[in-house]
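Trainee: Could you take me closely through the charged side chains of this protein, with attention to how they pair and where they sit? I would like one connected account rather than a list.

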Amino acid sequence: MELNIQGDMIQGARDYQEDYYEICSEAVKDSDSCLVVLCDGMGGHSGGAIASRTVATTFINEFIASQELSPKAVLERSLEVAHCAIRAEISENSAPSDMGTTLVAAYVTKNDLHWLSVGDSHLYLFREGKVQKLNDDHSMAAVLDELVEIGRLDEDEAMSDPQRNALRSCVSEDDISLVDIQSKLDYLKPKDRLILASDGLDTLNIHDIESIVAKNKRKPSKDVASKLLSAVEDVQKSNQDNSSVVVISIKSKSWFFS
C-alpha cells in the first residue's frame with residue numbers, strides 16, 4: 001500500500017479558527033503507515049484553539065512514544081495523556097475552564113485501520129462510489145435521528161431541535177463519557193479514501209460528499225480536500241462553522257492496481 005495524505009481548512013463565517021489537525025507519517029512504524037488526528041475545539045478563540053491544538057499535539061507525541069503497545073492500547077494511552085494535558089492547561093496555565101474539543105484519530109498500518117473518536121467529528125470511508133461513516137456520532141443528532149427511525153419523533157422535529165448539535169462527549173476538564181475505539185484488520189483496499197472532517201463539513205450531505213469524491217477519484221488527496229471545502233463555501237451558509245478535511249488515499253504499490 002502507498003498512502004497519499006493531505007488536509008485543508010477554512011474559517012467559514014467565524015471570527016476565529018478552532019479546528020486543528022496534524023498528519024504524522026515519518027515517525028510511525030512503517031513507511032506505509034500514518035496517524036492523522038483532527039480536533040474541533042470549543043470555547044472561543046481563547047479556549048477552543050488552545051484545546052484543539054493541545055489535544056492533537058499531545059496525542060501524537062504520546063502515540064510516537066508508546067508504539068510498543070498494541071494499536072488499541074496506544075490509542076487509549078494517547079487519549080488519556082491528552083486528557084491530562086487539557087486539564088493541566090486549565091488548572092496550571094489559567095486556560096478557560098469551559099474549553100474542550102472533539103477528537104478523531106485514524107491510524108493506518110499496511111491495510112489495517114484503527115481509530116479512536118470522541119465527539120461529533122467524522123471518519124468516512126469512500127469505496128466504489130459510496131461514502132460510509134465509520135465512527136460513532138457523540139452528539140444529540142444521533143439520538144434524535146434514531147428516534148425518527150423507530151417512529152418516536154417526526155423528522156422535522158428532529159432536524160429543528162435546538163439541542164441537535166449538543167455534544168454528549170468531548171475532551172475537556174470533565175470525565176470523557178463516550179469513546180469510540182475500533183480496529184478493522186485487513187480492511188483497506190486500493191482506491192479507498194478515508195476522510196476525516198470536523199462537523200463544518202455537515203453543510204454538505206452524504207450524497208454531496210459522494211459526488212464530489214467520485215468526480216475527483218483520480219485526483220490526489222490535496223485536490224479532493226480542496227473540492228470538498230470549496231463546495232462548503234459555495235453554499236454561503238450565513239453561520240458557516242470552521243471546516244477541516246484530511247483525505248487519506250490508499251494506492252497499491254503495483255502499477256496493475258493504480
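Mentor: A salt bridge is counted here where a side-chain nitrogen of Lys or Arg lies within 4 Å of a carboxyl oxygen of Asp or Glu. The model is a predicted one, and a search through the whole of it finds seven salt bridges. Side chains of opposite charge can pair when their charged atoms come close.

Before the individual pairs, some background on the chain will help. The protein chain carries 26 positive and 44 negative side chains, and the centres of these two sets are 10 Å apart. Its secondary structure consists of six helices and twelve strands, and its C-alpha atoms fill a box of roughly 50 × 45 × 35 Å along the principal axes. The radius of gyration is 18 Å, which agrees with the value near 18 Å that a compact globule of 258 residues would have. Of those 258 residues, 49% count as buried, while the chain exposes about 12,500 Å², with carbon and sulfur atoms supplying 45% of that area. Among contacts with a separation of 6 or more, 71% are between residues 24 or more positions apart.

Let us begin the pairs with Arg-77, whose side chain meets that of Glu-62 in a salt bridge with an N to O distance of 3.2 Å. Arg-77 belongs to helix 2 (residues 71-92) and Glu-62 to helix 1 (residues 48-65), so this pair ties together parts that are 15 residues apart in sequence. The two partners differ in their surroundings, since Arg-77 is partly exposed with a relative accessible area of 35%, whereas Glu-62, at 15% relative accessibility, counts as buried. Arg-77 also meets the side chain of Glu-80 in a salt bridge, here with 3.8 Å from N to O. Glu-80 and Arg-77 are three residues apart in helix 2, which means that about one helical turn separates them. Glu-80 is partly exposed, with a relative accessible area of 45%.

A further salt bridge is formed by Arg-164 and Asp-145, whose closest N and O atoms are 3.1 Å apart. This pair links distant parts of the chain, with Arg-164 in the loop between helix 4 (155-160) and strand 9 (171-172) and Asp-145 in helix 3 (residues 140-149), 19 residues apart. Returning to the earlier pairs, salt bridges that share partners join Glu-62, Arg-77 and Glu-80 into one network. As for accessibility in the later pair, Arg-164 counts as buried at 13%, while Asp-145 is partly exposed at 30%. Beyond its neighbours up to four places away in sequence, Arg-164 touches Ser-139, Met-140, Ala-141, Leu-144, Asp-145, Ala-158 and Met-159. Its C-alpha atom is 33 Å from that of Asp-112, a residue 52 positions away along the chain.

Asp-40 offers a contrasting case, for this residue of strand 3 (residues 33-42) is buried yet has no salt bridge, and the nearest side chain of opposite charge, Arg-14, is 7.4 Å away. With residues up to four places away in sequence left out, the contacts of Asp-40 include the acidic residues Glu-18, Asp-19, Asp-199 and Asp-241, and among its other contacts are Gly-100, Thr-101, Thr-102, Ser-121 and Ser-198.

Arg-127 is another charged residue to inspect, and it is found in strand 7 (residues 122-127). Arg-127 counts as buried because its relative accessibility is 19%, and the limit for that class is under 20%. Leaving aside neighbours within four places in sequence, Arg-127 is in contact with Tyr-187, Leu-188, Lys-189 and Asp-192.

Finally, two charged residues call for a look at the backbone. Most residues other than glycine have a negative phi. Glu-128, although not a glycine, has a positive phi of about 50°; Glu-128 sits in the loop between strand 7 and strand 8 (130-133) and is exposed, with a relative accessible area of 73%. Lys-110, likewise not a glycine, has a positive phi of about 55°. The place of Lys-110 is the loop between strand 5 (103-109) and strand 6 (112-118), where Lys-110 is partly exposed with a relative accessible area of 42%.

Notes. Residues are numbered from 1 along each chain as its sequence is written. This is a predicted model: local features need pLDDT of at least 70, side-chain atom pairs count only at pLDDT 80 or more; totals for chains, interfaces and linings use all residues. Side-chain values use heavy atoms; hydrogens and water are left out. Helices (H or I, at least four residues) and strands (E, at least two) are DSSP runs, numbered from the N terminus. Buried means under 20% relative accessible area, exposed over 50%, partly exposed in between (1.4 Å probe, protein chains only). Contact means heavy atoms within 4.5 Å. The radius of gyration is taken over C-alpha atoms; the globule rule is 2.2 Å times the number of residues to the power 0.38. Accessible areas come from the Shrake-Rupley method with a 1.4 Å probe; for residues, only the protein chains shown count as cover. The place of a charge is taken as NZ of Lys, CZ of Arg, CG of Asp or CD of Glu.
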